Every structure is written in structure tokens, then in C-alpha cells.
Amino acid sequence: MNKIRSFIAIEIPDGIKKDLFEIQERLKKAGADIGWTRPEGIHFTLKFLGEIEEEKLVNIQKAIEQATKEIPDFILWVGGIGVFPNTKSPRVIWIGIKGEGENLKTLQESIERETEKIGFKKEGRNFSPHLTLGRVRSQKNRDALTKYLEEFEKIELGSFNVKEVLLMKSELRPKGAVYTQLWKATLK
């Protein structure tokens, strides 16, 4: 039985990915111990599904179709830098995402609800829209990193129109994950 590591996501435009790369390059000057996300691999994950049997793909597609059928296309804004869980012990460096009106929240809740109906566990944490820039591996040069992060605290990278939701495959490889689009649902 073939298994596929997969997730549901929104694609980020290349122009914003280029801006994210430039921010990563500036943050690298802090000399902190960070595993950086490859810019071409940055996407906005709505739901991580994990390792699934290939036979479940059809049901997942139907769940995404059901979840998106009443959602109109909408605008997302990208900006503001932060860390999880906090600046004293940063583990993840991220750029924030804000949605137009309630559409993003409605979309995410709808995907949670529809995938739960077909056996996927509901996410235990609150939805916190963000793009992961990197994962902090140790506290090396944490203070320098914090100073660099302050420089980008209020950065605005622009907006883009969300017209589709993607079902993605993730293959873990030595040089990083490789992502392949398996299917897409178009918003109304």
C-alpha cells in the first residue's frame, strides 16, 4: 500500500517568495543556528494530513471540494515578522498572514470540519496564519537574532488574490522537501 505525505495549502506568489528570501539573507547575518526554509518550498499550509494511503486521495479531494464550494476568492496580506513560542526561546521564525474579512478563517474551519468527517484529527492548536522562514536549532546568537528580527517587525510584503486551494505531496529528501501539486480546487 503506497503512502503519500500530504497537506492542503495555498500557493504563495514568486514575488513574495523572493522578498522572503531577501529577509532570510538579512537574518542570516545574526549568525544564529537556524534551519532555513527553502523559499521555493514556502507555502501557506491550511491542514497537514501526514502519511496517507493513496486510496484516500479521492475522499480528500471531495472533502476539499465540499469545504471550498461556498468560499469566494479573497485577498491575503503578508507582513510582520515573529517567532513561536516567544523571543526568549524562539523555535520558529515566521512572517504573518492576514485574510480579507472572515474568508480565510471560514476556509480553514471548513477544511478542518470536512477532513475530520473522513477521519483526520482536528488540529489541537488555534489557527495562527503564518509562513515559516526557519526553525531555530539552538540558542546560539539569540540576542543578535532578536535585534535583526526587530528590524522586520512591521514589514509589509504586499497582498495577493487567493483563487485556489491545493492538495500537495511532500517528499522528504536529503536536500530538503520536494513539493508536488496533486490536485486543486478553484474558489467560486
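A salt bridge is, in these exercises, a side-chain nitrogen of Lys or Arg within 4 Å of a carboxyl oxygen of Asp or Glu. By that rule the structure holds 16 salt bridges. The model is predicted, so local features need pLDDT of at least 70 and side-chain atom pairs count only at pLDDT 80 or more, while totals for chains, interfaces and linings use all residues. Residues are numbered from 1 along each chain as its sequence is written, and side-chain values use heavy atoms, with hydrogens and water left out.

**Exercise 1. Find which residues of helix 1 are buried, and work out how they are arranged around the helix axis.**

Solution. Begin with the terms: helices (H or I, at least four residues) and strands (E, at least two) are DSSP runs, numbered from the N terminus. The expected span of a helix is 1.5 Å times one less than its number of residues. For helix 1, which has 15 residues (residues 14–28), this should give 21 Å, and its end C-alpha atoms are indeed 21 Å apart.

Next, sort the residues by accessibility, where buried means under 20% relative accessible area, exposed over 50%, and partly exposed in between (1.4 Å probe, protein chains only). The buried residues of helix 1 are Ile16, Lys17, Leu20, Ile23, Gln24 and Leu27. Seen down the axis of helix 1, these buried residues fall within an arc of 115° (taken from the directions from the helix axis to the C-beta atoms), so they line one face of the helix. The face turned away from that buried side carries the exposed residues Asp14 and Lys18.

Last, ask what lies over the buried side, taking contact to mean heavy atoms within 4.5 Å. The covering elements of helix 1 include strand 2 (34–36), strand 4 (74–84), strand 5 (92–99), strand 6 (130–136), helix 4 (142–151) and strand 7 (156–162).

**Exercise 2. Treat helix 4 in the same manner, and list the elements against which its buried residues pack.**

Solution. The buried residues of helix 4 are Leu145, Thr146 and Leu149. They cover an arc of only 100° around the axis, which puts them on the same side of helix 4. On the other side of helix 4, Asp143, Lys147 and Glu150 are exposed. The elements that the buried residues of helix 4 pack against are helix 1, strand 2, strand 4, strand 5 and strand 6.

The loop between strand 6 and helix 4 contains Asn141, which has a positive phi of about 55° although it is not a glycine.

**Exercise 3. Identify the residues with the most contacts inside the largest nonpolar core, and follow one of them outward.**

Solution. A nonpolar core is a set of buried Ala, Val, Leu, Ile, Met, Phe, Trp, Tyr and Cys residues joined through side-chain atoms within 4.5 Å. The largest has 47 residues, and those with the most contacts inside it are Phe44, Leu46, Leu76, Ile81, Ile93 and Leu133. Strand 4 gives the largest share of this core, five residues.

Now take Ile81: leaving out residues up to four places away in sequence, Ile81 touches Ile23, Leu27, Ile93, Trp94, Ile95, Leu133, Leu149, Phe152 and Glu153. Among these partners, Ile23 and Leu27 are buried residues of helix 1, and Leu149 is a buried residue of helix 4.

**Exercise 4. Describe how strand 8 and strand 9 are joined, first through their pairing and then through a salt bridge.**

Solution. Two strands pair if DSSP finds at least two bridges between them; here eight bridges join strand 8 (residues 164–171) to strand 9 (residues 178–186), and the two run antiparallel. They form a hairpin with six residues between them, and Gly176 in the turn has a positive phi of about 120°.

Lys184 of strand 9 stands opposite Leu166. The side chain of Lys184 also meets that of Glu164 in a salt bridge (3.4 Å, N to O). Glu164 lies in strand 8 and Lys184 in strand 9, so the pair ties together parts that are 20 residues apart in sequence. Both ends are partly exposed, Glu164 with a relative accessible area of 28% and Lys184 with 41%.

**Exercise 5. Compare the accessibility of Glu114 and Lys117, which form a salt bridge.**

Solution. The closest N and O atoms of this pair are 3.1 Å apart. Both residues lie in helix 3 (residues 103–117), three residues apart, about one turn of the helix. Glu114 is buried, with a relative accessible area of 11%, whereas Lys117 counts as exposed at 59%.
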